[in-house]
Amino acid sequence: MADYYSILGVDRNASADEIKKAYRKLARKLHPDVAGPESAEQFKAVNEAYDVLSNEEQRRLYDMGGEDALHGGGGAGAGFGAFQDIFDTFFGGMGGGQRGPVPRGRRGQDTLVALDLDLEDVVFGADKEITHTLAVECPVCHGTCAAPGTQPITCSQCGGTGTVQRVTQSLLGQMVSQSACPTCHGHGTVIVTPCHECAGEGRVRATKTINIKVPAGVESGMRIRLAGQGDAGVEGGPAGDLFAEVRIRPNALFQRVGDDLTCELQIPMTAAALGTQVTVDTLDGPRTITIQPGTASGTVVALSGLGVGRLHRGGRGDLKVSIAVKTPTRLDDVQRSLLEELAKVRGEDIPSARLVEHNAGFFSKMRDKFSNK
Ligand SMILES: [Zn+2]
Ligand SMILES: [Zn+2]
């Protein structure tokens, strides 16, 4: 068990002032920046002792039961925590409270590339290959930045610690401040002969082929992330990420609506009236569609599972084929007389025409939707 009084070199009846004086004298002598890193443990012990003995309540607890009483007491932990904070603040100049040289290497930038896709790529998913110019690891030094056959040498200004200290006098006594060594930028080593290929940056620009796995169902504007495929890091640091932003080229025949595809299938008036079977070239190849007799223009025939693959869910949407009935034009004499005959037989030679009610129908819903905007 540590004897805080003997660590500070004072007797048990020492006044607060005496304790403070003793502490300051020791702290100045043992500060690692003055006495070297070997004294760090002793310095820490002195601070720990002072932390307790300078606090009236903690000193009282310590006097009653020594260190154990302190560690058992609820309030004591806070005292030590606070001390640790002070200690870290004192030495924390080099990031995260850790001392010593900082390794080289900065993360590379994230890269954004455009990924142009055809509708088929989106429907089925695809493996795409793009070429892009970006920073890659230097092929000569492999990111070490030193010319082949050479090694970084220990920095002479900081002796390899990566830090330099400045001692100034102030009203409170000697103040020691630490900062990154300006010669080695905190790395502790200096590259005397930088790699000629990358000028010591550890990376060069090059055109790279990148393979991208495109999942089915991606949408325009989505970004596919390829971790670690962006710009190589500076001085051997980790690479950034590559983001491929999806752009989908329009397809002349098929349109995407969510997970479904739509297309328009034109059939002659006679086929619509009589009914038939027709073959449609879908993205999955030819498929037969049955046209029911009396099919009206605008009728939709759904082909289940021939739509877009669902992103991360599996399965596919439908292909919705909209039937467009083509009215014949440029009739020759025979055709004209046949149609006139048909009209006569159907009693349509003097055609009836009527307005159609639109209550609660599709068109009224559409109209309401737009007029409310
Ligand atoms: Zn290089
Ligand atoms: Zn240095």
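**Group meeting: loops, sheets and cores**

Let me begin with glutamate 235, which is placed in the loop between β8 and β9. Before I go further, please keep in mind that this is a predicted model, with a pLDDT that averages 86 over the chain and with 86% of the residues scoring at least 70. There is one stretch I would treat with caution, namely residues 72-98, where pLDDT stays under 50 and for which the model has 28 contacts beyond four places in sequence.

Back to the loop, then. The phi of glutamate 235 is near 50°, which is a positive value in a residue other than glycine. As background, most residues other than glycine have a negative phi. Is glutamate 235 buried or exposed? It counts as buried, because 20 C-beta neighbours lie inside 10 Å, and 20 is the number at which a residue is called buried.

A second residue invites the parallel question, and that is arginine 330, found in the loop between β15 and α9, the helix of residues 333-345. Its phi is near 45°, again a positive value in a residue other than glycine. Here, however, the surroundings are sparse by the count used, since arginine 330 has 5 other C-beta atoms within 10 Å and is therefore exposed.

Now to the strands on either side of the glutamate 235 loop. Strand β8 covers residues 223-226, strand β9 covers residues 242-248, and four bridges join these two strands, which run antiparallel. One pair to look for on your screens is arginine 223, which stands opposite glutamate 245 in β9. What order do the strands take in the open sheet that holds this pair of strands? The order is β1-β9-β8, three strands in all, and the pairing is mixed. The edges are formed by β1, residues 111-117, and by β8, each of which pairs on one side only. On average, and ignoring direction, neighbouring strands of this sheet are turned by 30° against each other.

Leucine 226 gives a more local view of the edge strand, because its place is in β8. With 16 other C-beta atoms within 10 Å, leucine 226 is partly exposed. Which residues does leucine 226 touch, if we leave out those up to four places away in sequence? They are Ile210, Ile212, Asp241, Leu242 and Ala244. Phenylalanine 243 is 17 residues away from leucine 226 along the chain, and yet the C-alpha atoms of the two are separated by 6.2 Å.

The next sheet is also open and also has mixed pairing, and its four strands follow the order β10-β11-β15-β14. Its edge strands are β10, residues 255-257, and β14, and each of these pairs on one side only. Neighbouring strands are turned by 35° against each other on average, with direction ignored. Within this sheet, β11 (residues 260-268) and β15 (residues 319-326) pair in the parallel sense over eight bridges, whereas β14 (residues 300-303) is joined to β15 by four bridges and runs antiparallel to it. Serine 322 of β15 is a useful landmark here, as it is the bridge partner of glutamate 264 and also the bridge partner of valine 300. Further along, isoleucine 267 has valine 325 of β15 as its bridge partner.

Let me turn to the helices. Helix α4, residues 40-53, has 14 residues and reaches 20 Å from its first C-alpha to its last, close to the 20 Å expected at 1.5 Å a residue. Its buried residues are Phe43, Val46, Asn47, Ala49, Tyr50, Val52 and Leu53. A general point helps in reading such a list: an α-helix has 3.6 residues a turn, so residues three or four places apart point the same way.

Where do these side chains belong? The largest nonpolar core has 14 residues, and those with the most contacts inside it are Leu8, Val46 and Ala49. At least two residues of this core come from each of α1 (4-8), α2 (16-30), α4 and α5 (56-72), and α4 gives the most, with six residues. Alanine 49 in particular touches Tyr4, Ile7 and Leu8, not counting residues up to four places away in sequence. Apart from this core lies another, of 10 residues, among them Ala216, Leu306, Val308 and Leu319.

Conventions:
Residues numbered from 1 in each chain as written. Chains lettered and ligands numbered in written order. Predicted model: local features only at pLDDT ≥ 70, side-chain atom pairs only at ≥ 80, totals over all residues. Expected span 1.5 Å × (residues − 1). Buried ≥ 20, exposed ≤ 12 C-beta atoms within 10 Å, placed from the backbone. Core = buried A, V, L, I, M, F, W, Y, C linked by C-beta atoms within 7 Å. Contact = placed C-beta atoms within 7 Å. Pairing = 2+ DSSP bridges. Axes fitted to C-alpha atoms, helices over the stretch in contact; angles between N-to-C directions. pLDDT = per-residue confidence, 0-100.
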